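The following exercises are to be worked through with the sequence and the structure in view. Each task is followed by a solution in steps.

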Amino acid sequence: MIEIKNLHAKVEDGDEILRGINLTIKPGEVHAIMGPNGSGKSTLAKVIAGHPAFEVTEGTIQYDVNNKLTDLLEFEAYERAQKGIFLGFQYPVEIPGVSNFGFLHESFNEVCKAQGVNEVTEEEFREFLKPKLDLLEMNASFLDRPVNTGFSGGEKKKNEILQMAVLNPRLSLLDETDSGLDIDALKIVSKGVNAIKNKYNAVLLVTHYQRLLDYIVPDYVHVLSNGQIIKSGGKELALELEEKGYDWLTKVQ
Amino acid sequence: MKEREELNKNILDQMMSLNLSSDAQKAFDRFKLQGLPHKKLEDYKYTNVDAFFPKALNIKAVAGELTNDQVTKLARGIKPQLVLINGKVSNEYSNLPDGVEFQISDSFTGNKDFPTDSLEDLNLILTEQFIKLTIKKDSSPGIINILHLNTAEAINSVGASRLLVNIEANSVARIAEYFNSPDQGSYNRNHMTELTVAKNANAEHVKVVTEGAESFHFGSVKATVEANACLHSFTFTTGGKLSRNNINIDLVGAGARGEVNGLYALRGSQQCDNFSHINHKVERTESEQLFKAVLDDVSHGIFTGKIIVHRDAQLVDSSQLNKNLLLSKKAHADTRPQLEVYADDVKCAHGATVGQLSEEELFYLESRAISPRDAKIMLCHGFVQEALDKIKHVETKKYLENLLYTEYEEDIHQRMREEA
């Protein structure tokens with residue numbers, strides 16, 4: 001689905017953060033990226049999603065569009081989203097004055113338009129949302145509030161997964177979705193992700209802690225340090241990291 | 001300086017021939033001393049009106065007519081209860097509801113204690129019809145839409161009009177005044193609205209300035225609010241080359257409340273100067289103020305908000321906020337919150353912000369498949385909605401949303417298409 005080769009990226013006028021990432025994700029897979037603070041985990045997710053603050057200086061990202069690998073870097077962030085790439089934010093942005101419903105509706109219709117499907121009316125969309133709200137145990141009153149404004153940490157993250165459920169992306173990049181969640185909210189969010197996951201789509205989890213991986217079980221775990229993947233393995237690698245910390249890997253370098 | 005003297009002399013010469021009432025004569029004498037306002041005056045620091053008083057300007061009322069079709073077109077979907085053409089009431093369209101008394105007189109009947117600036121003096125000198133509406137005690141007559149229209153004859157002339165609304169005790173008044181014109185030529189409008197809001201009354205006054213692109217709009221709203229009464233004032237500006245909105249609210253009875261809000265969305269080289277004074281004259285009065293600006297191209301938005309809490313006006317609660325959204329690098333915002341407090345037990349908050357669209361908010365929307373253009377529009381809508389939501393009369397609010405989202409934006413959309 002996506003092939004990242006020798007990816008280097010830096011902040012505009014700043015230091016290089018990614019220093020040669022190689023990663024391939026196939027449909028149906030769940031990958032977890034772990035690593036210490038400042039290792040470049042979030043940057044990797046943002047670069048794939050097309051955040052304008054980062055500049056790719058070397059390497060390629062090939063992404064499957066209609067069974068053909070296509071240069072993803074040619075597309076703007078909104079075009080990548082239309083092609084099925086979803087970034088779940090670590091800190092979802094509050095947008096006062098814009099209703100959550102209007103935002104979701106517009107977002108959904110943009111994806112429909114891009115994929116050549118008919119747009120839906122407000123009434124149809126409200127119906128469409130009902131089971132997804134139920135899945136995330138969210139009250140319908142959320143829809144009429146401004147986007148993320150005044151939401152608790154847990155509500156914001158649920159709202160991210162609601163958007164994921166609505167847009168039904170092929171590749172979801174979930175950036176520290178577990179941060180700021182109590183155990184109940186973590187269970188609900190994980191239940192949501194697991195329900196959306198199928199053999200046609202893929203998930204990249206960026207996380208600090210092993211805790212999330214008890215609920216969303218990865219096929220592969222990668223450890224990122226200083227802008228490079230220094231170790232990859234199965235889900236047991238996460239447990240090992242939990243036990244030993246990152247030092248035993250980073251010190252070897 | 002010499003030039004201004006000549007402009008003033010020209011205005012005075014033309015006014016000499018007018019037949020003035022004693023109040024107008026006093027205003028004339030004041031104007032003779034002060035002349036046109038200029039940037040050296042603190043209250044007009046950012047606004048120069050000279051260009052709108054050229055020598056060729058005709059300083060007196062002009063007659064003119066509009067066909068039914070023209071009026072309908074200019075009303076843009078508004079059903080008017082009162083129509084003024086070139087500052088004079090057009091009997092054909094007057095349709096005031098029960099509970100409203102209507103009078104026209106040829107001399108000033110309003111509050112003589114309000115301080116005036118020289119454009120307000122000019123209004124008193126030049127107004128020929130003083131219109132008075134009375135909202136009867138205990139009544140609730142519904143919306144009164146007033147259309148102020150100019151004809152082609154008004155080009156290169158200054159037209160003055162004046163409205164006094166007495167809102168009697170326990171009544172509910174909803175008034176919206178719309179200023180519009182069919183022609184793009186340069187005209188100079190000077191309108192004043194005076195409101196007296198009696199005990200326990202609940203009043204809303206919405207002023208909508210969508211004047212022609214070359215025009216100068218000078219408008220002044222002066223209100224007194226008595227005990228336990230409430231006035232919601234809203235000033236909406238998207239039109240005019242230059243507009244100056246004076247707003248003066250006196251809270252004179254305990255429990256009086258003033259909400260003084262506004263929105264100005266400017267583009268091209270438009271300039272809008274909102275100048276407000278809220279006087280807390282007695283104890284236990286409240287005021288709340290939110291003015292928002294969306295400034296594009298090389299437009300210039302100005303806000304001055306002076307709040308004065310008089311001596312012995314204890315337990316006053318007042319808040320003020322001016323927020324400016326700059327859509328272009330060359331747009332310019334000036335904001336002056338001013339607080340004068342002479343009492344000691346009061347709660348006053350004020351603030352101002354000037355900024356651009358947030359990059360983080362834009363990226364958030366773009367990451368959800370929304371194009372940069374649509375994302376900008378959504379964020380602008382979100383920004384203005386907070387201000388528009390202050391309007392109590394729902395149909396008026398919806399009308400203005402629509403007006404803003406079609407006309408003002410059409411231009412921005414056009415330019416985005418050109419840039420793309």
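A nonpolar core is a set of buried Ala, Val, Leu, Ile, Met, Phe, Trp, Tyr and Cys residues joined through C-beta atoms within 7 Å. The model examined here is a predicted one.

**Exercise 1. The nonpolar core**

Task: Determine how many residues the largest nonpolar core has, and which residues have the most contacts inside it.

Solution. Step one is the count: the largest nonpolar core has 167 residues. Step two is to name the residues with the most contacts inside this core, namely A:Leu173, A:Leu205, B:Ile167, B:Val197 and B:Val384. Step three concerns the contributors: α6(B) supplies the largest share, 8 residues. Within chain B, domain 1 (2-252) and domain 2 (357-420) each give at least three residues to this core. Step four takes one of the residues named above: when residues up to four places away in sequence are not counted, B:Val197 touches B:Ile167, among others including B:Ala223, B:Val225 and B:Leu231.

**Exercise 2. The contact between the chains**

Task: Describe the side of chain B that touches chain A, by element and by class.

Solution. First, 17 residues of chain B are in contact with 20 residues of chain A. Next, the elements of chain B giving two or more residues to this side are α5 (359-366) and α6 (372-388). Of these, α6(B) gives the most, with 7 residues. Finally, sorted by class, the side of chain B that touches chain A has 7 nonpolar, 5 polar and 5 charged residues.

**Exercise 3. The build of chain A**

Task: Establish why the radius of gyration of chain A agrees with that of a compact globule.

Solution. Begin with the expectation: for 253 residues, a compact globule would have a radius of gyration near 18 Å. Chain A has 18 Å, and therefore agrees. Then add the extent: the C-alpha trace of chain A spans about 60 × 40 × 35 Å along its principal axes. The chain holds 9 helices and 12 strands, and 42% of its 253 residues count as buried. Lastly, among contacts in chain A with a separation of 6 or more, 72% join residues 24 or more positions apart.

**Exercise 4. A residue in a strand**

Task: Decide whether B:Asn274 is buried or exposed.

Solution. Locate the residue first: B:Asn274 lies in strand β14 (residues 271-280) of chain B. Then apply the cut-off, by which a residue is buried if 20 or more other C-beta atoms lie within 10 Å of its own. B:Asn274 has 24 other C-beta atoms within 10 Å, so B:Asn274 is buried. Its contacts beyond four places in sequence include B:Thr235, B:Tyr264 and B:Phe303.

Definitions and conventions:
Residues numbered from 1 in each chain as written. Chains lettered and ligands numbered in written order. Predicted model: local features only at pLDDT ≥ 70, side-chain atom pairs only at ≥ 80, totals over all residues. Contact = placed C-beta atoms within 7 Å. Helix = DSSP H or I, 4+ residues; strand = E, 2+ residues; numbered from the N terminus. Nonpolar A, V, L, I, M, F, W, Y, C, P; charged D, E, K, R; others polar. Rg over C-alpha atoms; globule rule 2.2 N^0.38 Å. Buried ≥ 20, exposed ≤ 12 C-beta atoms within 10 Å, placed from the backbone. Domains from an automatic or database assignment.
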